[in-house]
Amino acid sequence: MNKGKLRIVVLKVLSARAMSGYSLMKKISEDIGWKPSPGSIYPLMTSLLKEELVDVKKDGRKKVYSLTEAGK
């Protein structure tokens, strides 16, 4: 899957509920049968944070991502 498609899939999954990076990888794997690697998810999440499309909150050791208004 290319970077642009993964971006859209991540935004779509986060539109349903906030998730950690690991949960995102697992959900995408369940939905489309392809598991993105940490090396593709986490740089994408950093990019989405810089673009202010997602917000992140710490939950213990986990980071939980959710969509911002701009991301919706």
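A residue counts as buried when its relative accessible area is under 20%. Ser 20 has a relative accessible area of 9%, so Ser 20 is buried. The model examined here is a predicted one.

Ser 20 belongs to strand 1, which spans residues 19-20. The side chain of Ser 20 makes a polar contact of 3.0 Å with the side chain of Ser 23. Neighbours within four places in sequence aside, Ser 20 is in contact with Lys 62, Lys 63, Val 64 and Tyr 65. Strand 3 covers residues 62-67. Strand 1 and strand 3 are joined by 2 bridges and run antiparallel. Met 19 has Tyr 65 of strand 3 as its bridge partner.

The sheet as a whole comes next. Its 3 strands are arranged in the order 1-3-2. The sheet is open, and the pairing is antiparallel. Strand 1 and strand 2 (54-59) stand at the edges. Each has a single partner strand, so one side of each lacks a neighbour in the sheet. Strands of a sheet pair through backbone hydrogen bonds.

Strand 2 pairs with strand 3 through 6 bridges, and the two run antiparallel. Among the bridge partners, Asp 59 is matched with Lys 62 in strand 3. Lys 57 is matched with Val 64, also in strand 3. Strand 2 and strand 3 form a hairpin with 2 residues between the strands. In this hairpin, Gly 60 adopts a positive phi near 70°.

Helix 3, residues 38-50, packs on the sheet. It touches strand 2 and strand 3. The direction of helix 3 makes about 115° with that of strand 2. At 1.5 Å a residue, the 13 residues of helix 3 should span 18 Å. The end C-alpha atoms of helix 3 are 18 Å apart, which agrees.

Ile 41, Leu 44, Met 45 and Leu 48 are buried in helix 3. These residues cover an arc of only 105° around the axis, and therefore lie on the same side of helix 3. An α-helix has 3.6 residues a turn, so residues three or four places apart point the same way. Gly 39 and Lys 50, on the other side of helix 3, are exposed. The cover over the buried residues of helix 3 includes helix 1 (3-16) and helix 2 (21-32). Strand 2 and strand 3 also contribute to this cover.

Helix 1 was examined in the same way. Its 14 residues should span 20 Å at 1.5 Å a residue. The end C-alpha atoms of helix 1 are 21 Å apart, in agreement with that value. The buried residues of helix 1 are Leu 6, Val 10, Leu 11, Val 13 and Leu 14. They cover an arc of only 165° around the axis, which puts them on the same side of helix 1. Lys 5, Ile 8, Lys 12 and Ala 16 are exposed on the other side of helix 1. Helix 2 and helix 3 are among the elements that cover the buried residues of helix 1. Strand 1, strand 2 and strand 3 are also included in that cover.

Glu 52 lies in the loop between helix 3 and strand 2. Its relative accessible area is 58%, and Glu 52 is therefore exposed, the cut-off being over 50%. The phi of Glu 52 is near 60°, a positive value in a residue other than glycine.

The backbone oxygen of Glu 52 is reached by the side chain of Thr 68, at 2.7 Å. Thr 68 is found in the segment after strand 3. With 21% relative accessibility, Thr 68 counts as partly exposed. Thr 68 and Leu 53 are 15 residues apart along the chain. Their C-alpha atoms are separated by 5.4 Å. Neighbours within four places in sequence aside, Thr 68 is in contact with Glu 52, Leu 53, Val 54 and Asp 55.

Conventions
Residues are numbered from 1 along each chain as its sequence is written. This is a predicted model: local features need pLDDT of at least 70, side-chain atom pairs count only at pLDDT 80 or more; totals for chains, interfaces and linings use all residues. Side-chain values use heavy atoms; hydrogens and water are left out. Helices (H or I, at least four residues) and strands (E, at least two) are DSSP runs, numbered from the N terminus. Buried means under 20% relative accessible area, exposed over 50%, partly exposed in between (1.4 Å probe, protein chains only). A polar contact is a pair of N or O atoms within 3.5 Å; within protein, one must be able to donate a hydrogen and the other to accept it, and residues adjacent in sequence count only if both atoms are side-chain atoms. Contact means heavy atoms within 4.5 Å. Two strands pair if DSSP finds at least two bridges between them. Axes are lines fitted to C-alpha atoms, for helices over the stretch in contact, and angles run from 0 to 180 degrees between N-to-C directions. The expected span of a helix is 1.5 Å times one less than its number of residues. The arc is that of the directions from the helix axis to the C-beta atoms.
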